[in-house]
Amino acid sequence: MSIENRAEAIIDLSAIEKNVKHLMAHSSAPALAVVKANAYGHGLVAVARTAVKAGASWLGVALLEEALTLRAARIKAPILSWLTPISDDFAAAIKNNIDLAIPSVAHLIEVIAAAKSLQLTARVHLEIDTGMTRGGALYEWDELAAEAKKAEVAGVIKVVGVWSHFARADEPGHEFNDLQLSNFEKALEVAKQVGLNPEIKHLSNSAATLRNPKAKYDLVRLGIAMYGLSPDVNTMGDSKGLGLIPALTLRA
């Protein structure tokens, strides 16, 4: 530290590596490492490489720009981008082999158009709103699943996944978690009935990875816990009790 740098954040990548391995061992499921928001301020590219080295099969970002940055850094792991406005550059995502979350029929139409213009197949994950009400299809889920199947048969898209997000997983035992699980199962049944057979179904966030084995499905998404923090100190205990190592230290 110098007079020109009186405060600094120190990132322990080895802690992130250990946390990923610990969480994967705990859940016994493949992992998607969430590196949105510059990897929660820990450094997008460095953390992504560390997570993959630790065994994470997937990377997850909020914004398409983040995914493109990872591809520019020559990171080849599968990447899911899930907060893509309908005006985003879906063609860039498709050309760079980036998976897109599809929360509505309107989004699906735009992705299909981009895929057709490139004569390529878009990889998508259909998002169902199971109760968080922050994103995903709700009343139009049946229509979204049916339209996705038509596009898949035509070779325009590949439905890689179906997914959703918990609202209260950091409150283990809360009845709303069981309701969301039930809603997710119903959505999967609708997808099955129209002929969709996604490779991965994913619902678990950090809290569910740690405390809800029923929700692990084919992939768990590691967010805040990957960085060594408890999803909720009051309801789940602190980092040490969860076997996590905080990866960021501030000093001044």
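Q: Buried means under 20% relative accessible area. Why is Phe184 called buried in this predicted model?
A: Its relative accessible area is 0%. That sits under the 20% limit, so Phe184 counts as buried.

Q: Where is Phe184, and which residues does Phe184 touch?
A: You'll find Phe184 in helix H8. Leaving out residues up to four places away in sequence, Phe184 touches Ile128, Thr130, Val162, Trp163, Ser164, Lys201, His202, Leu203 and Tyr217. Take Val162: that residue is 22 residues from Phe184 along the chain, and their C-alpha atoms are separated by 9.2 Å.

Q: How many aromatic pairs are there, and what makes Trp82 and Trp163 a tilted one?
A: The structure holds three aromatic pairs. In the pair of Trp82 and Trp163, the centres are 5.8 Å apart and the planes make an angle of 45°. Centres have to lie within 6.5 Å to pair, and tilted is the class left over once angles under 30 degrees (stacked) and over 60 (edge-to-face) are taken out. With 45°, this pair is tilted.

Q: Why can we say that the Trp82 and Trp163 pair ties together parts that are apart in sequence?
A: Look at where each one sits: Trp82 lies in the loop between strand E4 and helix H5, while Trp163 belongs to strand E7, so the pair ties together parts that are 81 residues apart in sequence.

Q: Are these two tryptophans, Trp82 and Trp163, buried or exposed?
A: Trp82 has 14% relative accessibility, so it counts as buried. Trp163 comes out at 3%, so it is buried too.

Q: What makes the pair of Phe184 and Tyr217 edge-to-face?
A: Here the planes are 80° apart, with 5.1 Å from centre to centre. Over 60 degrees counts as edge-to-face, and 80° passes that mark. Phe184 is in helix H8 and Tyr217 is in the loop between helix H9 and strand E9, so this pair ties together parts that are 33 residues apart in sequence.

Q: Why are H1 and H3 called oblique?
A: The axes of H1 and H3 cross at roughly 40° and come within 9 Å. Roughly parallel needs an angle under 35 degrees and roughly perpendicular needs 65 to 115. An angle of roughly 40° fits neither, so H1 and H3 are oblique to each other. H1 passes H3 in a right-handed crossing.

Q: Which residues meet where H1 and H3 touch?
A: From H1 come Leu13, Ile16, Glu17, Val20, Lys21 and Met24, and from H3 come Ala46, Val47, Thr50, Ala51, Lys53 and Ala54. That set splits into eight nonpolar, one polar and three charged.

Q: How do you know that H3 and H4 are roughly perpendicular?
A: Their axes cross at roughly 70° and come within 10 Å. Angles of 65 to 115 degrees count as roughly perpendicular, so H3 and H4 earn that name. The crossing is right-handed. Leu44, Val45 and Ala48 of H3 make the contact with Glu66, Thr69 and Leu70 of H4. By type, these are four nonpolar, one polar and one charged.

Q: What makes Ser28 exposed and Ala39 buried?
A: Ser28 has 56% relative accessibility, and since exposed means over 50%, Ser28 counts as exposed. Ala39 has 0%, so it is buried. Ser28 is in the loop between H1 and strand E2, and Ala39 is in helix H2. Ser28 has a positive phi of about 55° although it is not a glycine, and phi of Ala39 is near 55°, also positive.

Methods. Residues are numbered from 1 along each chain as its sequence is written. This is a predicted model: local features need pLDDT of at least 70, side-chain atom pairs count only at pLDDT 80 or more; totals for chains, interfaces and linings use all residues. Side-chain values use heavy atoms; hydrogens and water are left out. Axes are lines fitted to C-alpha atoms, for helices over the stretch in contact, and angles run from 0 to 180 degrees between N-to-C directions. Helices (H or I, at least four residues) and strands (E, at least two) are DSSP runs, numbered from the N terminus. Angles under 35 degrees count as roughly parallel, over 145 as roughly antiparallel, 65 to 115 as roughly perpendicular and the rest as oblique. A crossing is left-handed if the near helix is turned anticlockwise from the far one by less than a right angle, and right-handed if clockwise. Contact means heavy atoms within 4.5 Å. Ala, Val, Leu, Ile, Met, Phe, Trp, Tyr, Cys and Pro count as nonpolar, Asp, Glu, Lys and Arg as charged, and the others, Gly among them, as polar. Rings of Phe, Tyr and Trp (its six-membered ring) pair if their centres lie within 6.5 Å; planes under 30 degrees apart count as stacked, over 60 as edge-to-face and the rest as tilted. Buried means under 20% relative accessible area, exposed over 50%, partly exposed in between (1.4 Å probe, protein chains only).
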